[in-house]
Amino acid sequence: MVYKKELIIRGGCGGDGCVSFLREKYVPFGGPDGGDGGDGGNVVITTNTNLVDLKLLGRRKEFAAENGRRGGGGRKRGKNGEDLVISVPVGTMVFTGPGSGQETPLADLKTPGQEVVAAKGGRGGLGNTRFATAVNQAPEIATKGESGGKRYIILEVKLITDICIVGAPNSGKSTLLSAISRAKPEIADYPFTTRQPILGVMPGDRRDFVVAEIPGLVEGAHLGRGLGNEFLRHAERTKLLIYLLDGSSPTLIDDLNTLDKEIALYKSLGHKPKIMTVNKMDLPEVEARLPQIKQYFTKLEVPVFYISALSGQAVLELTGKAMEMVEQASRDEEMISQAQIAIFRPKPRKV
Ligand SMILES: Nc1nc2c(ncn2[C@@H]2O[C@H](COP(=O)(O)OP(=O)(O)OP(=O)(O)O)[C@@H](O)[C@H]2O)c(=O)[nH]1
Ligand SMILES: [Mg+2]
């Protein structure tokens, strides 16, 4: 999985203008007819909902758009260079700059199909037709095409989701994701089946919700154990975390504490709204332990659900609450961003 990539991009060069004169059998001194050069193509970065990382860009470091063609005789304008389109996942941030930590943000591509021109193509040069004046009717001059803009950019993916399901390997994250969305992640009885974040869309009454499964977290993930905690970058921009715990685990409380610790150690993730879920309630031995489990979990100050991702037990209640909390988080974010817009109300001037 590739979540960060540095590239050098270059807009296409403009084509040169042309110096040419009309020469036809019965038209002596037909005048200048050199056309303009075509414009160079832009480098455009655009989002594609099918992508979750930057792997498709491969190892290539330099990307250039097509050059514009030269102008031709007969006032023919050169062809414009094609834009070069780089597809990235929704949630890609684009920075420009010299590197070494001095980058400046250029765009945060948050919506499907959103695009930004990251490097402009050069304009085509002017043909000699443009330079004809009453005094100089046969100009021998044309201008060269501009060179395309060159830039150093950094792409960084931080997926934008409403809900992230986090939990230990094998706790049933993929099973839950496939129960609440149309995603079809691989489900298997061994740890680390899911090795990259998987996105699913959960239909709601008023809108759809984007849900992600983050690969399993183990104790010491922040030190690189298991698959590490790299993937938590994708939870940075989620509105709600669903902690998924395996109810059949003999160390359920420790599992919760381990997970909570790994989350708390990753930037400000600890402050996100959360829901606890204890999974695999369909298993008789888990059901038998329920009173004991409840004793501990009811003391927590967050909503708790006892579910079976496999049978669907209490899953609707869970998703209902999750959607409500996401909506609430969105409203809170909106209020904060509105409060940040300064409103100036100039007083009428006294005369
Ligand atoms: N009985 C029961 N088994 C479940 C339930 N949910 C998941 N499982 C089983 O638990 C195993 C792991 O499920 P997954 O959904 O692959 O778990 P995961 O958390 O995505 O695992 P990783 O991707 O490896 O981290 C599979 O054998 C599932 O069939 C449940 O509610 N009840
Ligand atoms: Mg999985």
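# A walk from Lys-239 to the ligands

Select Lys-239 to start: leaving aside residues up to four places away in sequence, Lys-239 touches Thr-161, Asp-162, Pro-273, Val-326, Ala-329, Ser-330 and Glu-333, where contact means heavy atoms within 4.5 Å. Lys-239 sits in the loop between β11 and β12; helices (H or I, at least four residues) and strands (E, at least two) are DSSP runs numbered from the N terminus. With a relative accessible area of 18%, Lys-239 is buried (buried is under 20%, exposed over 50%, partly exposed in between, with a 1.4 Å probe and protein chains only).

Before you click on, some housekeeping: this is a predicted model, where local features need pLDDT of at least 70, side-chain atom pairs count only at pLDDT 80 or more, and totals for chains, interfaces and linings use all residues. Residues are numbered from 1 along each chain as its sequence is written, chains are lettered from A and ligands numbered from 1 in the order in which they are written, and side-chain values use heavy atoms, with hydrogens and water left out.

**Next stop: the magnesium ion**

Pick ligand 2. Which protein atoms are the donors of this magnesium ion? They are Ser-174 (OG), Thr-194 (OG1) and Glu-213 (OE), at 2.0 to 2.3 Å from the ion. Donors here are N, O and S atoms within 2.8 Å of the metal (3.2 Å for Na, K and Ca), and water is not among the atoms, so the site may look incomplete. Along the chain, the donors have the spacing S-x19-T-x18-E. Thr-194 is in the loop between α1 (173–180) and β10 (198–203) and Glu-213 is in strand β11 (residues 208–213), so this pair ties together parts 19 residues apart in sequence. Both are buried: Thr-194 has a relative accessible area of 7%, and Glu-213 has 2%.

**Then ligand 1**

Show everything around ligand 1 and you get 25 residues, the closest being Lys-173, Thr-175, Phe-192, Thr-193 and Asp-282; a residue is in this shell if one of its heavy atoms lies within 4 Å. Helix α1 gives the most to the shell, with three residues.

Now put distance labels on these polar contacts (pairs of N or O atoms within 3.5 Å; within protein, one must be able to donate a hydrogen and the other to accept it, and residues adjacent in sequence count only if both atoms are side-chain atoms):

- Asn-170: a polar backbone atom is 3.0 Å from an oxygen atom of ligand 1.
- Ser-171: a polar backbone atom is 3.2 Å from an oxygen atom of ligand 1.
- Asp-282: a polar side-chain atom is 2.7 Å from a nitrogen atom of ligand 1.

On its own, ligand 1 exposes 650 Å², and the protein buries 91% of that (Shrake-Rupley areas with a 1.4 Å probe; for residues, only the protein chains shown count as cover).

**Two backbone oddities**

Most residues other than glycine have a negative phi. Jump to Lys-280, in the loop between β13 (274–279) and α3 (284–297): its phi is positive, about 70 degrees. Lys-280 is partly exposed, at 22% relative accessibility. Arg-75 also has a positive phi, near 60 degrees, and is found in the loop between β3 (62–64) and β4 (84–88). At 56%, Arg-75 counts as exposed.

**Last picks**

Ser-249 lies in the loop between β12 (240–246) and α2 (252–264). It is buried at 10% relative accessibility and, not counting residues up to four places away in sequence, touches Asp-255 and Arg-289.

How many disulfides does a search of the whole structure find? Zero, with a disulfide being a pair of cysteine sulfur atoms within 2.5 Å. Select Cys-18 and Cys-13: the sulfur of Cys-18 has its closest cysteine sulfur in Cys-13, 18 Å away, too far for a bond.
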